[in-house]
Amino acid sequence: MDFSGKVAVVTGGANGIGRAVSLGFARQGAKVVVVDRDAEAGAAVAAEIGRAAIFRAADVTRSADVQAYVQAALDSFGRIDCFHNNAGIEGKVAPTAEYDEAVFDAVMGVNVKGVFLGLRHVLPVMIRQRGGAVVNTASIAGMIGTAGMPAYVASKHAVMGLTKVAAGEVGPLGVRVNAICPGPIATRMVQDIARQVSPNNPEGLEARYAGSIPLRRYGTAEEVANLVLFLCSDLAGNITGAQYAIDGGRTAA
Ligand code: NAD
């Protein structure tokens with residue numbers, strides 16, 4: 001996969017999956033715009049990449065911030081070929097009957113409105129270019145339910161809907177839009193969920209959950225990055241509107 005001459009924008013690029021994707025794009029020759037609200041970690045990722053990257057601090061729920069990172073990409077590198085619409089939060093773990101309304105709004109704000117705003121402001125650029133590839137980060141929580149995570153599950157199902165609608169709209173214009181559905185991936189996010197569910201023994205919970213996965217382990221951010229790069233590459237030229245589970249077989253068996 002050669003991304004020489006291509007420009008990639010990655011939201012949530014400071015940590016976890018987005019960090020691995022940012023580094024992966026850079027390794028394959030792309031210019032990278034790292035976008036995150038975590039300014040310290042985001043700047044560190046851009047510094048690790050060097051001159052081929054810039055960092056833009058942004059809250060993906062704010063339209064003005066989204067417009068600013070899109071403009072920064074165009075000002076610095078002139079185009080956007082690949083967009084990993086990835087920033088997300090897990091919220092609290094609690095049953096629907098007890099779920100906090102403000103947390104529900106916060107999760108929907110980042111995971112749904114943030115993804116929508118990314119599409120809203122990046123797609124016009126790709127339409128003008130008559131080309132580009134978007135990968136939205138959904139989750140296996142966009143395919144199946146998980147008790148105790150009503151906001152997260154609803155938000156990730158919504159990402160699947162946004163993906164399908166956008167794919168249908170921009171396919172005729174040469175732009176592809178896909179979704180990835182990671183299972184548990186070893187990042188801060190799954191550690192936080194494990195701590196919420198089992199504060200006294202999060203490692204024990206993770207080990208039990210890993211035991212329920214056919215491949216018997218959590219995935220790595222680098223493995224997810226490989227899938228994102230593939231879907232953004234010309235190798236995936238006939239793939240759009242699709243959802244790719246990367247979950248060690250969790251949703252299959
Ligand atoms: P992470 O917490 O390590 O990274 C998320 C990044 O998003 C952080 O850098 C954070 O600062 C950023 N972010 C959060 N809210 C933001 C906002 N409003 N504006 C800008 N940046 C914001 O978690 P991760 O595991 O790398 O998660 C990345 C994506 O993958 C998320 O959408 C998550 O829902 C999804 N996902 C993760 C897993 C997993 O097991 N880790 C599984 C399925 C899906």
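Here is a short walk through this structure, from the overall build to the sheet and then the ligand. Keep in mind as you look that this is a predicted model.

Let's begin with the whole protein chain, which contains 8 helices and 7 strands. Its radius of gyration is 17 Å, close to the 18 Å that the globule rule gives for 253 residues, so the chain is as compact as a globular protein of that length. If you draw a box along the principal axes, the C-alpha atoms fill roughly 50 × 35 × 30 Å.

Next, have a look at the strands. They form an open sheet of 7 strands, and reading across it you meet them in the order β3-β2-β1-β4-β5-β6-β7, with parallel pairing. At the edges sit β3 (53-57) and β7 (243-246), each of which pairs on one side only. From one strand to the next, the twist averages 15°.

As a general reminder, strands of a sheet pair through backbone hydrogen bonds, either parallel or antiparallel. For an example here, follow β5 (residues 132-137) and β6 (residues 175-182): these two strands run parallel and are joined by 6 bridges. One residue to pick out is Gly-132, whose bridge partner in β6 is Val-175.

A helix belongs in this picture too. α1 packs on the sheet, where it touches β1 (7-11), β2 (31-36), β3, β4 (82-85) and β5. The direction of α1 makes about 170° with that of β1.

Now for the ligand. Which residues come nearest to the ligand? Of the 28 residues around it, they are Gly-12, Gly-16, Gly-88, Ser-139 and Thr-187. The elements giving two or more residues to this shell are α1 (16-27), α4 (101-129) and α6 (188-197). Sorted by class, the shell has 12 nonpolar, 11 polar and 5 charged residues.

Finally, an annotation to set beside the model: an unreviewed UniProt entry places the feature "domain: Ketoreductase" at residues 6-183. Over residues 6-183 the chain is 49% helix and 19% strand, with the end C-alpha atoms 29 Å apart.

Key: Residues numbered from 1 in each chain as written. Predicted model: local features only at pLDDT ≥ 70, side-chain atom pairs only at ≥ 80, totals over all residues. Near = placed C-beta within 6 Å. Helix = DSSP H or I, 4+ residues; strand = E, 2+ residues; numbered from the N terminus. Nonpolar A, V, L, I, M, F, W, Y, C, P; charged D, E, K, R; others polar. UniProt positions renumbered as here; feature names shortened; annotations may be inferred. Pairing = 2+ DSSP bridges. Axes fitted to C-alpha atoms, helices over the stretch in contact; angles between N-to-C directions. Contact = placed C-beta atoms within 7 Å. Rg over C-alpha atoms; globule rule 2.2 N^0.38 Å.
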